[in-house]
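Thank you all for making time this morning. I would like to walk through one structure, starting with a single residue and then working outwards to the helices and back to a few individual positions.

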Amino acid sequence: MNVALERIKNGVFNENVIFVQVLAMCPTLAVTSSAQNGIGMGLASTVVLIGANLVISLLRNIIPDKVRIPAFIVVIAGFVTLLQFLLAGFVPALNKSLGIFIPLIVVNCVILGRAEAYASKNGPISSIFDGLGQGLGFTVALGIIGMVRELLGTGKVFGAQIMPKAVDPALIFILAPGAFITLGIMMAIMNQRKLKKSSK
């Protein structure tokens with residue numbers, strides 16, 4: 001159980017995909033115009049991460065070393081295809097909102113990176129928790145960025161009015177430049193906190 005908690009904590013805090021490793025910037029900047037989109041993308045990636053990590057961990061001794069990357073991509077693509085069918089069938093609005101970024105999960109460096117760095121070298125249980133931790137970290141980061149951008153850009157969060165209607169929202173925050181500004185400020189704040197902790 002300690003390994004499970006350690007893998008989850010690692011994924012959410014110590015090795016956070018966005019704020020620490022600075023990976024998956026394309027979906028991060030593109031889909032976080034709202035909190036719902038950010039969390040939806042994060043949960044979709046989490047499902048693929050858990051499934052791919054499990055299967056790759058189970059097949060790690062069978063897959064020949066020369067074809068491991070193509071084999072990993074085939075496994076990931078299978079989970080992404082299944083996920084896209086499920087989203088189209090049960091959550092069509094989210095599927096339409098995320099659009100091309102769902103199929104692009106196949107080439108998301110986070111998922112392929114975890115398959116190569118962790119699942120291909122460890123057992124299935126710890127690989128599942130590694131996928132869960134990385135996915136939760138990704139989801140939390142996307143959700144926070146999405147909430148900030150949605151609040152500053154529309155005055156709402158999850159469609160609920162938060163800012164007074166008298167305050168004009170800064171529409172730039174729901175556009176592409178707003179994604180860069182939000183992410184940059186959030187990373188600067190986190191790095192400043194790390195520097196303060198390390199100096200103590």
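Let me begin with lysine 121, which counts as exposed because its relative accessibility is 54%, and the cut-off for that class is over 50%. Before I go further, please keep in mind that what you see is a predicted model. Lysine 121 sits in the loop between helix 6 and helix 7, the latter running over residues 124–154. If we leave aside its neighbours within four places in sequence, lysine 121 is in contact with Arg60 and Glu116. With the second of these there is also a polar approach, in that a polar atom of the lysine 121 side chain lies 2.8 Å from the backbone oxygen of glutamate 116. As for long range, lysine 121 and leucine 175 are 54 residues apart in sequence, and their C-alpha atoms are 40 Å apart in space.

From that loop I would like to turn to the helices. In general, two packed helices are described by the angle between their axes and the distance between the axes, and I will follow that scheme for three pairs.

The first pair to consider is helix 4 and helix 6, the latter being residues 109–119, whose axes come within 10 Å and cross at roughly 125 degrees. The two are therefore oblique to each other, and helix 4 passes helix 6 in a right-handed crossing. On the helix 4 side the contact is made by Arg68, Ile69, Phe72, Ile73 and Ile76, and on the helix 6 side by Ile111, Leu112, Ala115 and Glu116. Sorted by class, the residues of this contact are 7 nonpolar, no polar and 2 charged.

Next come helix 3, residues 35–59, and helix 4, residues 68–90, which pack at an angle of about 140 degrees with their axes 9 Å apart. That angle makes helix 3 oblique to helix 4, and the crossing is right-handed. Helix 3 contributes Ala44, Val47, Val48, Gly51, Ala52, Val55 and Ile56 to the contact, while helix 4 contributes Phe72, Val75, Ile76, Phe79, Val80 and Leu83. What is the make-up of the contact of helix 3 with helix 4 by class? There are 12 nonpolar residues, 1 polar residue and no charged residues.

The remaining pair is helix 3 with helix 7, where the packing angle is about 170 degrees and the axes are 8 Å apart. These two helices are therefore roughly antiparallel to each other, and their crossing is again described as right-handed. The contact of helix 3 with helix 7 divides into 15 nonpolar, 13 polar and 2 charged residues.

Staying with helix 3 for a moment, I would point out asparagine 53, which is found in that helix. Is asparagine 53 buried or exposed? At 1% relative accessibility, asparagine 53 counts as buried. Leaving out neighbours within four places in sequence, asparagine 53 is in contact with Arg114, Ala115, Ala119, Ser127, Asp130 and Gly131.

Asp130 leads us to arginine 7, since the side chain of arginine 7 makes a polar contact with the side chain of aspartate 130 at 2.8 Å. Arginine 7 lies in helix 1, which spans residues 2–14, and is buried, with a relative accessible area of 8%. Not counting residues up to four places away in sequence, arginine 7 touches Glu15, Arg114, Tyr118, Ser126, Phe129, Asp130 and Gly133.

Also in helix 1 is asparagine 14, which is partly exposed, with a relative accessible area of 46%. Beyond its neighbours within four places in sequence, asparagine 14 is in contact with Lys9 and Val20. The C-alpha atoms of asparagine 14 and glycine 137 are separated by 9.5 Å, although the two residues are 123 residues apart along the chain.

Finally, a word on backbone angles. Alanine 24, placed in the loop between helix 1 and helix 2 (25–31), has a positive phi of about 55 degrees although it is not a glycine, and this alanine is buried at 6% relative accessible area. Phenylalanine 158, for its part, has a positive phi near 55 degrees, and is likewise a residue other than glycine. Its place is in the loop between strand 1 (156–157) and strand 2 (160–161), and phenylalanine 158 is partly exposed, with a relative accessible area of 47%.

Conventions: Residues are numbered from 1 along each chain as its sequence is written. This is a predicted model: local features need pLDDT of at least 70, side-chain atom pairs count only at pLDDT 80 or more; totals for chains, interfaces and linings use all residues. Side-chain values use heavy atoms; hydrogens and water are left out. Helices (H or I, at least four residues) and strands (E, at least two) are DSSP runs, numbered from the N terminus. Buried means under 20% relative accessible area, exposed over 50%, partly exposed in between (1.4 Å probe, protein chains only). A polar contact is a pair of N or O atoms within 3.5 Å; within protein, one must be able to donate a hydrogen and the other to accept it, and residues adjacent in sequence count only if both atoms are side-chain atoms. Contact means heavy atoms within 4.5 Å. Axes are lines fitted to C-alpha atoms, for helices over the stretch in contact, and angles run from 0 to 180 degrees between N-to-C directions. Angles under 35 degrees count as roughly parallel, over 145 as roughly antiparallel, 65 to 115 as roughly perpendicular and the rest as oblique. A crossing is left-handed if the near helix is turned anticlockwise from the far one by less than a right angle, and right-handed if clockwise. Ala, Val, Leu, Ile, Met, Phe, Trp, Tyr, Cys and Pro count as nonpolar, Asp, Glu, Lys and Arg as charged, and the others, Gly among them, as polar.
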